[in-house]
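Reader: Hi! I have a two-chain model open and would like to talk through its contacts and charged pairs. Could you walk me through them?

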Amino acid sequence: MEDRRLIESYKRTREASYFAPLFERYQQRVFSICYAMCRDRGIAEDMVQETFVRAFRQIDHFNENDGDSCFEAWLCTISRHLCINELRKLSVRRRSVPVGRTEDPPNQEDSLASAQIEQALSILPETVRRCWLLFKLDGYRYKEIAELTGLAVKEVKRSIEQARERLRRK
Amino acid sequence: MKDRLKPEEPEADFVELIRRTRGPCPEIEDLVAFHRGDMAPERAEVIARHIRLCGTCQIAAEMLTRSEESAGMALPESAEAKSSLNRMRIRFERFLRDQQESPVEKQSVLEWLRRVQPVLAYALVVALLYPAYLGLRRTALPAPSPPSPPTVIDRALPDIQDIQPFDLEPVERAAGIAPPALKPDPRQRYLALSFLVPTNTGSTGRYEITLRDERGVQLAFEPDARPLDSLGRFVVICRSELFKPGSYLLTVNDRIRDSGALRRSFQFSFKIEP
């Protein structure tokens with residue numbers, strides 16, 4: 001049975017048996033995305049579960065009769081959001097900087113400061129710079145940075161020390 | 001390993017300057033739109049500048065790239081992948097089973113109300129109380145002047161502790177059995193009458209609820225009641241003090257919305273004890 005029919009039937013009857021085939025159909029695709037994004041099997045499995053639970057609970061927000069709507073794409077969007085949220089949870093918890101829309105265009109002072117900052121940071125190699133930003137501004141620990149960047153913990157620590165040294169000299 | 005480096009004032013100032021300058025992380029929708037190049041250039045510049053100064057958003061952008069690269073790629077046929085898929089399937093099946101077996105039908109109204117979110121409970125109580133209250137006022141009490149707005153809506157919502165649940169059985173099922181009797185608890189000011197009616201899934205019908213006392217006087221009337229769930233559970237919440245001891249009959253008429261023609265009728269009788 002095609003997606004639209006299954007969703008319609010589920011909405012009409014609230015019979016979980018209409019939703020189960022959708023899980024079977026898209027489980028692998030969603031897992032691929034979550035695993036590619038999180039690079040951790042356990043977290044990816046949790047994200048898959050959360051994706052389908054969310055889809056199940058919010059199915060009434062999905063319009064299966066809209067020709068532009070695609071259930072698979074909707075699932076993929078949910079899973080991407082969940083994975084990025086998972087990443088941000090750690091960071092936001094530590095630094096309590098809000099996530100949100102910056103509506104105001106940058107003023108001249110900001111632009112100037114930004115240019116100076118970027119110039120100062122430009123002396124750092126990309127990996128070193130990222131480790132330093134994650135550590136100093138976002139409050140991640142060495143081990144977490146290592147997991148996020150795929151570097152060894154020692155390498156992360158060395159990068160951060162190197163960044164500090166070079167920035168101090170500058 | 002200790003995750004700390006010695007704080008240095010100049011570095012702290014620099015960090016603070018970056019934090020101030022880069023602003024908050026963009027919403028995920030914005031990050032995705034930026035990633036896809038689907039954004040106005042001015043806005044894209046703001047996001048790009050933020051990303052250059054934010055390690056978390058750099059990682060998020062890489063995650064998005066990896067997610068797109070994963071499109072069309074089949075999972076490896078490894079034992080690990082198979083066991084992951086199997087674990088997830090079992091987990092989700094359990095979730096679906098739990099959802100399906102949710103014992104709504106067996107719950108008392110009070111248990112059900114405890115489960116729903118407070119806001120939903122508020123909306124539900126106000127929505128159901130209003131017509132019942134108006135109905136009771138209109139016919140059971142003399143109304144010399146136009147009825148003032150029901151005070152219950154102006155005041156705080158009744159506390160859940162103030163609602164006494166009461167499940168009603170259809171008259172046919174209770175044939176030969178004395179109608180259920182309820183003794184209102186003086187500590188609970190509201191009575192929640194709960195009953196099940198097999199509902200139609202289409203939206204062509206409406207459910208009309210009438211409550212009459214033993215003399216046939218109409219006490220409450222709701223022309224378009226909505227079931228609370230797909231099982232067809234309805235709940236009508238009334239003020240207990242307005243029920244005198246005696247017999248009552250609650251009728252639910254399933255009518256065609258457009259023509260008003262009666263399709264089915266269900267009756268529930270109960271007694272209020274002194």
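**Salt bridges and the interface**

Author: Happy to! This is a predicted model. Let's begin with Arg130(A), which is buried, with a relative accessible area of 11%.

Reader: Which residue forms a salt bridge with Arg130(A)?

Author: That partner is Glu62(B), and the closest N and O atoms are 2.6 Å apart. The pair crosses between chains: Glu62(B) sits in helix α4 of chain B, and Arg130(A) in helix α6 (residues 126–137) of chain A.

Reader: And is Glu62(B) buried or exposed?

Author: Glu62(B) counts as partly exposed, at 29% relative accessibility.

Reader: How many salt bridges are there between chain B and chain A?

Author: The count is 7. One of them pairs Asp46(A) with Arg91(B), with 3.0 Å between the closest N and O atoms.

Reader: Nice. Which elements of chain B give two or more residues to the side that touches chain A?

Author: They are α1 (9–22), α2 (28–35), α3 (41–52), α4 (55–69) and α5 (79–100) of chain B. The largest share comes from α5(B), with 13 residues. By class, that side of chain B has 28 nonpolar, 11 polar and 21 charged residues.

Reader: How many residues does each chain put into the contact, and what area is buried?

Author: Chain B gives 60 residues and chain A gives 71 residues. The buried area is about 6500 Å², with carbon and sulfur atoms giving 59% of that. There are also 20 residue pairs in polar contact across the interface, both residues at pLDDT 80 or more.

Reader: Changing topic: how many salt bridges does the structure hold over all chains?

Author: Over all chains there are 26. Among them is Arg14(A) with Asp60(A), at 2.7 Å from N to O. This pair links distant parts of the chain, 46 residues apart: Arg14(A) is in the loop between α1 (3–13) and α2 (20–38) of chain A, while Asp60(A) is in the loop between α3 (41–57) and α4 (71–95).

Reader: What about Asp254(B): which residue is its salt-bridge partner?

Author: Asp254(B) pairs with Arg264(B), the closest N and O atoms being 2.9 Å apart. Asp254(B) lies in strand β7 (residues 246–256) and Arg264(B) in strand β8 (residues 262–272) of chain B, so the salt bridge ties together parts that are 10 residues apart in sequence.

Reader: Is Asp254(B) buried or exposed?

Author: Asp254(B) is buried, with a relative accessible area of 0%, whereas Arg264(B) counts as partly exposed at 26% relative accessibility.

Key:
Residues numbered from 1 in each chain as written. Chains lettered and ligands numbered in written order. Predicted model: local features only at pLDDT ≥ 70, side-chain atom pairs only at ≥ 80, totals over all residues. Heavy atoms only, no water. Contact = heavy atoms within 4.5 Å. Buried area = accessible area lost by both parts, 1.4 Å probe. Salt bridge = Lys/Arg side-chain N within 4 Å of Asp/Glu carboxyl O. Polar contact = N/O pair within 3.5 Å; in protein donor to acceptor, adjacent residues only side chain to side chain. Helix = DSSP H or I, 4+ residues; strand = E, 2+ residues; numbered from the N terminus. Nonpolar A, V, L, I, M, F, W, Y, C, P; charged D, E, K, R; others polar. Buried < 20%, exposed > 50% of the residue type's maximum accessible area, 1.4 Å probe, protein only.
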